[in-house]
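User: Please take a close look at one part of this model and explain step by step how its residues are placed. A connected account that gives the reason for each classification would be most useful.

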Amino acid sequence: MNIRAGIAIFFLIVIGYVGLSGYVPLYADGANYILQLLATKEFVHIAENRIFATFLTQTPVIVALNHYAPTPEEAIAIYSLSLFAVPVLAYGYALWLTRADPVAFTLTIAAICIGFLPTVFVIVGEFHVLYALAWLYAAIVLSQARDTALNAFLLLATAIVCIKSYEASAVIAPLLAVLTFFMLRSTRKVTEQAYLALLMVLLAIAAGVGIHGYLKPRDAGNAGGFVTSLFKIVEDSELLVIAAIVLSAAVASFIRNGIARAALAAATAWAAFQLLGREAASGYTDVLGLGSPNTQRAQVLPFHLLLIAGLFLNRLLGTGRRIAPQTWSFAPLLVPLVALTAVYITDVRRWNTFIVKACIELERPAGAAFYDDPSVKTYGWDWEMPTLSVLLRPKGSDRLLQYPGYAGWYPFDPATDVPDIAGYGRGTGICRSR
């Protein structure tokens, strides 16, 4: 299959992701972000060391809010597009840059399938910005076209955003600095050397900011959970299965014998089908069984680092340049792309079921049975329920959903300090517009 066709298929899948997402950006911290954006028309930063990521993803919403009064549903749609834009454009451009190198292209598909698609349900996470931009940086700096005006700008912009995007820059930025140093040593152009040296300085700053974020975290429990999850990666069978499926598809794409390639691709498809079957039969599980968002973003990080190292080795050894494109096939790589998309569709359907049930509950007297529902237990975070209520309920309603007995943290005081978004929308509310 033509590589350009592969890129086109990837973007078609992504368009499907965005179209299917609906209210997925409301999951986890997303509802709190949207509510605060609507209430204040100002950027919402939960951590100082992530502000560049939030600037990127919230700017379109801020612009919309200051030019007209969108309904909450419209604001969510804009936010969804802006959240997807950074990783989609970053991975998409990386695919284009690596299109002539079968190994680098395959590694990019692997990064998408392991580092992005399994965690895309938590698209609101700032880690998506760092992981995607780190891959784009590696693809550009190791390419022959890094000195073009566009790529030089993207390298600089990416290095700057990495400074305050996510704490994992503590380990990602040093690896990118090593790649940059290697390319600095390989060029004799004084101006390019100076530019690459500047990038290394920025990456050193990014590493320092990331380390500071772990040493003095906003939430010690959150930071500790991230680190603990890294050491439990072997316990996450689902992520290891995904990695094995991607590896099998990658190997199949390089097999020259048509029969052997088809056989391995079929075996890979069977494994992917088994993964889908387990997900479909499991009832309500937490997004592929990968655990909490904190666990997900931690456990895909080692794979991301290994794949970036793979890009570096490919550039160092020149492996991809020695493989004739016509002996490589994109088709087997469709297996993990399609399988993970199908899993995502399943999760979105379950999320939409939860939203419908929340809407029904908001229109009737409080009942404890709602909180025992499997979809509510999976997707309805205890501190998030009042926030979701404000966004979902029709104008004029003061109904709030709250877990019975929960006395922990809320973004606002449900009794005295409920954000006012009455100025937005046309009085229907998200629930009534469904």
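Analyst: In what follows, buried means under 20% relative accessible area, exposed means over 50%, and partly exposed covers the range in between. The model is a predicted one. L313 illustrates the scale: its relative accessibility is 46%, so L313 counts as partly exposed. L313 belongs to helix α14, which spans residues 301-317. Together with L316 and L317, L313 makes up a nonpolar patch on the surface, and the three share about 290 Å² of accessible area.

The interior comes next. Five cavities of 30 Å³ or more are present in the structure, and the second largest of them encloses about 70 Å³. Its lining consists of 14 residues, with T57, L83, V124, G125 and E126 the closest to the centre. Three helices, α3 (51-67), α4 (72-97) and α6 (127-141), each contribute at least two residues to this lining. Helix α3 provides the largest share, namely four residues. In character, the lining of the second largest cavity comprises eight nonpolar residues, five polar ones and one charged one.

The loop between α2 and α3 deserves closer attention. Among its residues is K41, which has a positive phi of about 60° without being a glycine. K41 is partly exposed, because its relative accessibility is 38%. A comparison is offered by A28, which lies in the loop between α1 (3-21) and α2 (30-40). A28 likewise has a positive phi of about 60° and is not a glycine, but A28 is buried, because its relative accessible area is 3%.

Side chains of opposite charge can pair when their charged atoms come close. With a limit of 4 Å between a side-chain nitrogen of Lys or Arg and a carboxyl oxygen of Asp or Glu, the model contains six salt bridges. In one of them E48 pairs with K164, their closest N and O atoms being 3.0 Å apart. E48 is in the loop between α2 and α3, whereas K164 is in the loop between α7 (149-163) and α8 (169-186), so that the pair links parts of the chain 116 residues apart. E48 counts as exposed because its relative accessibility is 54%, and K164 counts as partly exposed because its value is 21%.

Another salt bridge joins R50 to E126, with 3.2 Å between the closest N and O atoms. R50 is also in the loop between α2 and α3, while E126 is in the loop between α5 (102-116) and α6; the two are 76 residues apart. Both R50 and E126 are buried.

R146 and E192 form a further salt bridge, at 2.7 Å from N to O. Since R146 lies in the loop between α6 and α7 and E192 in helix α9 (residues 190-215), this pair ties together parts that are 46 residues apart in sequence. Each partner is buried, because the relative accessibility of R146 is 10% and that of E192 is 11%. Finally, R50, E126 and E167 are joined into one network by salt bridges that share partners.

Key. Residues are numbered from 1 along each chain as its sequence is written. This is a predicted model: local features need pLDDT of at least 70, side-chain atom pairs count only at pLDDT 80 or more; totals for chains, interfaces and linings use all residues. Side-chain values use heavy atoms; hydrogens and water are left out. Patches are made of residues with over 30% relative accessible area and no salt bridge: like charges are joined within 9 Å, nonpolar side chains (Val, Leu, Ile, Met, Phe, Trp, Tyr) within 5 Å. Accessible areas come from the Shrake-Rupley method with a 1.4 Å probe; for residues, only the protein chains shown count as cover. Buried means under 20% relative accessible area, exposed over 50%, partly exposed in between (1.4 Å probe, protein chains only). On a 1 Å grid over the protein atoms alone, a cavity is a set of points where a 1.4 Å probe fits but cannot get out, and a pocket is an open set with protein on both sides within 12 Å along at least five of seven lines; lining residues have an atom within 4 Å of a point. Grid points are joined across faces, edges and corners, and a volume is the space filled by probe spheres set on the points. Ala, Val, Leu, Ile, Met, Phe, Trp, Tyr, Cys and Pro count as nonpolar, Asp, Glu, Lys and Arg as charged, and the others, Gly among them, as polar.
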